[in-house]
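Biologist: I would be grateful for a close look at a single part of this model. Please describe one strand, its partners and its surroundings in a connected account.

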Amino acid sequence: MKHKIYATALTIGLVVLAGVGLVLLWPHVPVDSVPTSPLAPPARLVCYGYVDSRHGPLLLQPARAGRALKVFVKEKQMVSKDAPLVQLDDCLVKLREDEATLAIKAAEMHIAKAKRGLIEYHAKQTQAQAALEVARINLETAKHSLTVAENMYKDGTANQGHLDLARDRRDQAKALLQIEESKIVELKAVDPNLEVKLAQLERDRAQIQLQQARRDREEYTMKAPVAGTILRMCAQEGDMLSPASPRPAIWLAPKDDLIVRAEVSQEFAERVVTGLKVRVEDEASGSLLAAGAVGEVSDWFLPRRQFSMSPTSINTGLTLDCVIDLETGLSHLRIGQRVRVRVLAHQSDQGP
């Protein structure tokens, strides 16, 4: 009986000590861990999201595969548009550029040679025309000599040998005339301008190859597409980079205003409209980060936006994407920070 009395007294003592301890510890409980008091602004909806820029971070990859020779930037660095970020090994495309440069020089020499050939062609054409005229004159002379020889043969002042010699000269002159006429036909069949045009086409093709090589060489230098801040550098000197790599080489945050992208489930979608005031709180600590208003509400339900591009991440469920415009001059926000968004109710929603 005494043992039961002692056990009951001990139990009562422990309960009293626990109550006293709870009273002593109660004032030290963090305010953010206590449910919202009746004095807090009424919430129409509580949802979650993350801090983002207006156009979101850019995940940059090189346009060409190659080994990184030089990294020009570091994390948290502000960069301007077209600022160089990473230089890749471009020795092969540099050889193509040199080859195209030599091809242009060779084509220029070919053009100069073709133009000189055009001058020579006109000179040969003049010579052939003059030779043709001489051949015609020689033929007429030979014909006249043959006529004289025939008359002399009839008169008996010339023998058969003189007559045969005059006929041979006439036939020879006729053959020479045919040769000169064929030379004229041959020259007319040749277009010397084609050689000039062909050389010019070779030069144009070499110039296009040079432009292409230079453009390809520019793609071996990663540049910032917009002005912004380097969030993360995954590329290091010596790395082998590729456009198809699953890991972005550089994360770039455009120079933009910060927003919050809130994710609203379908059952609460009707409670969100543009213009509603919101409170943005840190998801972990619950501390107030910023105030703002609902700026945009999507017209469709889509899978959740994934800030991380990890191939192992799982994205399930459809949500309504809402953009929260933030007021300036509040707590420092970081892109990718998970937050809790309290959509405040209008006075008309609070009832009497």
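Modeller: The structure is a predicted model, and Pro-303 offers a suitable place to begin. Pro-303 counts as partly exposed because its relative accessibility is 45%, a value that falls between the limits of 20% for buried and 50% for exposed. This proline lies in strand 12. Its C-alpha atom is separated by 4.5 Å from that of Leu-318, although the two residues are 15 residues apart along the chain.

Leu-318 belongs to strand 13, which spans residues 318-326 and runs antiparallel to strand 12, with eight bridges joining the two. Within this pairing, Val-294 stands opposite Ile-324 of strand 13.

Strand 12 comprises residues 288-303 and also pairs with strand 11, residues 277-282, in the antiparallel sense over five bridges. Here Glu-281 stands opposite Leu-288 of strand 12. The hairpin of strand 11 and strand 12 has five residues between the strands, and among these Gly-286 takes a positive phi near 80 degrees.

These strands also contribute to the nonpolar interior. The largest nonpolar core has 21 residues, and those with the most contacts inside it include Val-278, Val-280 and Ile-324. At least two residues of this core come from each of strand 1, strand 10, strand 11, strand 12, strand 13 and strand 14. Leaving aside residues up to four places away in sequence, Val-278 touches Val-294 and Ile-324, with Ala-291, Ala-293 and Val-341 also among its contacts. A second, separate core has 20 residues, including Val-86, Leu-241, Ile-250 and Leu-252.

How values were computed: Residues are numbered from 1 along each chain as its sequence is written. This is a predicted model: local features need pLDDT of at least 70, side-chain atom pairs count only at pLDDT 80 or more; totals for chains, interfaces and linings use all residues. Side-chain values use heavy atoms; hydrogens and water are left out. Two strands pair if DSSP finds at least two bridges between them. Helices (H or I, at least four residues) and strands (E, at least two) are DSSP runs, numbered from the N terminus. Buried means under 20% relative accessible area, exposed over 50%, partly exposed in between (1.4 Å probe, protein chains only). A nonpolar core is a set of buried Ala, Val, Leu, Ile, Met, Phe, Trp, Tyr and Cys residues joined through side-chain atoms within 4.5 Å. Contact means heavy atoms within 4.5 Å.
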